[in-house]
There are 2 protein chains.
Amino acid sequence: MSSATDTDGPAESAETAAPDAPCTPAVPGARPRGRPRSAAVERAILDATLRLIADEGSVGALSIEAVAQAAGVGKATIYRRWPNKEALVIAAVEAAEHPIPELPGKSARDDLVLLLTALRTNLVDQRAGGLVSIVLTEVKRHPELWRRYHDVVIERRREAMREILRRGVASGELRDDLPIEVMKDLFSAPLLVRKMVHDTELPEGLPEQIVDAVLRGVAAPGPHS
Amino acid sequence: MSSATDTDGPAESAETAAPDAPCTPAVPGARPRGRPRSAAVERAILDATLRLIADEGSVGALSIEAVAQAAGVGKATIYRRWPNKEALVIAAVEAAEHPIPELPGKSARDDLVLLLTALRTNLVDQRAGGLVSIVLTEVKRHPELWRRYHDVVIERRREAMREILRRGVASGELRDDLPIEVMKDLFSAPLLVRKMVHDTELPEGLPEQIVDAVLRGVAAPGPHS
């Protein structure tokens, strides 16, 4: 979820300023921050990790050594931030995620379209989207990592969704007789399943189409409904 | 998808009657069929495969040798039916799937509830449901196998869903202005995501709740809708 100049990894708080990289790549245009060099190193490591995962189509073949080489840093620089390959992979996946958009909070319908549009962007993005299946196939095999990925990446998005729905129920825009947990999946699950299970296209208008179909219902108006 | 006494695997058609097993387990109560012994052997092999996968929680550690031992057959008996471990795993997963229920075809709503109830049964079933995550994490890494699993197991269920929706549109029960491919996922995706991504409970009444929510829509009636 971190942006280019805001890469505060988990290790950041536990270490002091870091002229510890044999080679610190320059980040042109990076805003000056508390530890610009450390942030740039972190960014280079995460980018290299993502690049290598994408090239291999797998986490299995990834090695800290290869990441160090690709990022132009020493292995110790990586291990100081992430204890092992798995932690590094999760951090890289988090960094590749598109941020959750600002939600105006005026209309549940409009906020839902915004949130699902962002989810779609994430899923179709070559980098973030390609990672989804890798995460599902490989990270899921490591319960601890999966829990972390779920808690951080997935749960953040779900909480934004719940918030929209709670507001919509409170404003009278949404029905109040359905559990939020059930309602939530009606909106987001179709996009996820399309990508993860069927790996089919996610056309640009799909988020809006799903939101309006779920809001309005798919029953034809008339004697049946 | 095969039931206990109807296990016609892919190899069945390519081989002749089969007194080929060093040890053919007895299947008490099995109906007499064309090749009862062969079907019983196949059943025993698939059951042993599923048992071993469940025990290990993984396909990785599975070996044809272990399956042969557990099923009480020779390795050649297995290889005669399935060319490799992967093909055997797919056949076992197919065999563990609950069959698609008979759909009366009178009401799209009722058929949808029936189909989703069967999907839920499949997902909560210790054996079939436990395999879902194994399939997603391991079978997905083998594109050819995944395609086969998708085409056979998943596609069969999707086609049943499309059929219900087409009938519902034709009868005027469902809206005719939404693509069937979009409508379809609105019903089935929430159950799948709950199980596969979040691994949360699937209460008994959930299929009905989802079907009615999607049919009726989640927008509150009134000025907003």
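This report describes the chain arrangement, the core and the salt bridges of a predicted two-chain model.

## Basis of the model

The model is predicted: local features need pLDDT of at least 70, side-chain atom pairs count only at pLDDT 80 or more, and totals for chains, interfaces and linings use all residues. Residues are numbered from 1 along each chain as its sequence is written, chains are lettered from A and ligands numbered from 1 in the order in which they are written, and side-chain values use heavy atoms, with hydrogens and water left out.

## Symmetry and interface

Chain A is superposed on chain B by a rotation of 180 degrees with 0.0 Å of shift along its axis, at an RMSD of 0.1 Å. This is the relation of a two-fold axis. The superposition is by least squares on the C-alpha atoms of residues with pLDDT of at least 70 in both copies.

The contact (heavy atoms within 4.5 Å) takes 43 residues from chain A and 43 residues from chain B. Of the interface residues of chain A, 100% are also interface residues in chain B, so the copies meet through the same surface. About 4,100 Å² is buried between the two chains, and carbon and sulfur atoms give 62% of that area. Buried area here is the accessible area (1.4 Å probe) that two parts lose on being put together, summed over both.

## Nonpolar core around Met161(A) and Phe187(A)

The largest nonpolar core has 129 residues, and those with the most contacts inside it are Phe187(A), Val218(A), Phe187(B) and Val218(B). Such a core is a set of buried Ala, Val, Leu, Ile, Met, Phe, Trp, Tyr and Cys residues joined through side-chain atoms within 4.5 Å. Leaving aside neighbours within four places in sequence, the contacts of Phe187(A) include Met161(A), Leu165(A), Ile210(A) and, from the other chain, Val218(B).

Met161(A) lies in helix H7 (residues 143-170) of chain A; helices are DSSP runs of H or I with at least four residues, numbered from the N terminus. At 3% relative accessibility Met161(A) is buried, where buried means under 20% relative accessible area, exposed over 50%, and partly exposed in between (1.4 Å probe, protein chains only). Beyond four places in sequence, the contacts of Met161(A) include Leu112(A), Lys184(A) and Phe187(A).

## Salt bridges

A salt bridge is a side-chain nitrogen of Lys or Arg within 4 Å of a carboxyl oxygen of Asp or Glu. By this rule the count is 40 over all chains, and four salt bridges are found between chain A and chain B. Within chain A, Glu159(A) pairs with Arg166(A) at 3.3 Å, N to O; Glu159(A) is partly exposed at 34%, as is Arg166(A) at 37%. Glu181(A) and Lys184(A) pair at 3.7 Å, N to O. These two are three residues apart in helix H8 (residues 180-198) of chain A, and are therefore separated by about one helical turn. Glu181(A) is partly exposed at 31%, whereas Lys184(A) is buried at 2%.

Another pair crosses between chains, from Asp185(A) in helix H8 of chain A to Arg194(B) in helix H8 of chain B. Their side chains meet at 3.6 Å, N to O, and both residues are buried. Salt bridges that share partners join Asp185(A) and Arg194(B) into one network whose members include Glu159(A), Arg166(A), Glu181(A) and Lys184(A).
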